[in-house]
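Work through the exercises below with the sequence and the 3D view open. Try each task before reading its solution.

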Amino acid sequence: MTVLPVRDWESDFVRGYHDIHCAYSIRELIARRAPLDRGGLFVDVGANIGGCALWGAHFMKSLEVVAVEPLRAATEALNGTIRDNGLADRVTVLRACVRQEGSAASLRRVLPSDLASWSILQPKWELERTQGSTTSGAESGDTEVVQCRRLDEILHRRIAVMRIHTSGTEDSALASAAGLARRGLLGAVALQFPSLEQARFLWRFGLSVELAGRRIPHGDEAAFEQA
């Protein structure tokens, strides 16, 4: 598996454990839902170097996978792993950020403010709105220009499972799938940091909500906040 040439939590996991990184809860959801929704996609939004995307493609042979990731180095690493493992016919990589409002944006590399608190220096990437075309504007080692798009503009098929892990922009990413949900094309959604806004979105389109293994009664905001 190709990893990033810098310190990164997912790449470091692969280096340390010689295994792909994908949370058990996501693996279990894919294994449970994919056989019930044959022909549906597994969509990994914020795929990084593709741990969950690769797990889905490797262990669920009938599953087609779409991995969406804005960072160029990560998409290049993932495409390398896909080629090395003969998965190009079932895994598609899209370099894009996902937001409710599509626009050009820049990814800016930011070092932690308190370096002393970090045993391993792992910079984060912040997404900022960019004025003008995505083809213009300077890029450097610390800045990349990327197009932000809506999920319902780039996906048009039934989705069996969608994982969203976008480092704080999950609400906007999920809201961009409204057109898919409205057409009944959205199956199960796994969110890294569940919020009440996300629960309201799912309830609005008739989807159920589970939190910490517990199903929340439809529309019961108090139960959600207490879970």
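## Exercise 1: a bridge within one helix

E197 has a relative accessible area of 44%, so E197 is partly exposed. (Buried means under 20% relative accessible area, exposed over 50%, and partly exposed in between, with a 1.4 Å probe and protein chains only.) This is a predicted model: local features need pLDDT of at least 70, side-chain atom pairs count only at pLDDT 80 or more, and totals for chains, interfaces and linings use all residues. Residues are numbered from 1 along each chain as its sequence is written, and side-chain values use heavy atoms, with hydrogens and water left out.

Task: find which residue forms a salt bridge with E197.

Solution.
- Step 1. Recall the rule: a salt bridge is a side-chain nitrogen of Lys or Arg within 4 Å of a carboxyl oxygen of Asp or Glu.
- Step 2. The partner is R200, with the closest N and O atoms 3.7 Å apart.
- Step 3. Locate the pair. R200 and E197 both lie in helix α8 (residues 196-204), three residues apart, about one turn of the helix. (Helices are DSSP runs of H or I with at least four residues, strands are runs of E with at least two, and both are numbered from the N terminus.)
- Step 4. Extend the picture. Salt bridges with shared partners join E197, R200 and E221 into one network.
- Step 5. Check R200. R200 is partly exposed, because its relative accessible area is 34%.

## Exercise 2: two more bridges

Task: state where R15 and D12 lie, and where R158 and D37 lie.

Solution.
- Step 1. Start from the principle. Side chains of opposite charge can pair when their charged atoms come close.
- Step 2. R15 and D12 meet through their side chains in a salt bridge of 2.7 Å, N to O.
- Step 3. Both R15 and D12 sit in helix α1 (residues 9-17), three residues apart, about one turn of the helix.
- Step 4. Compare their cover. D12 counts as buried because its relative accessibility is 15%. R15 is at 36%, so R15 counts as partly exposed.
- Step 5. Turn to the other pair. The side chains of R158 and D37 form a salt bridge of 2.8 Å, N to O.
- Step 6. R158 lies in the loop between α5 (151-154) and β8, and D37 in the loop between α2 (24-33) and β1 (41-45), so the pair ties together parts that are 121 residues apart in sequence.
- Step 7. D37 counts as buried at 12% relative accessibility. R158 is partly exposed at 27%.
- Step 8. Count them all. The rule gives nine salt bridges.

## Exercise 3: a loop with two threonines

Task: describe the surroundings of T166 and T169.

Solution.
- Step 1. T169 lies in the loop between β8 (159-164) and α6 (170-175). T166 is found in the loop between β8 and α6.
- Step 2. T166 counts as buried, because its relative accessibility is 16%. T169 is at 24%, so T169 counts as partly exposed.
- Step 3. The side chains of T166 and T169 make a polar contact of 3.0 Å. (A polar contact is a pair of N or O atoms within 3.5 Å; within protein, one must be able to donate a hydrogen and the other to accept it, and residues adjacent in sequence count only if both atoms are side-chain atoms.)
- Step 4. Leaving out residues up to four places away in sequence, T166 touches V45, G46 and A173. (Contact means heavy atoms within 4.5 Å.)
- Step 5. T169 and V98 are 71 residues apart in sequence and 8.5 Å apart in space, C-alpha to C-alpha.
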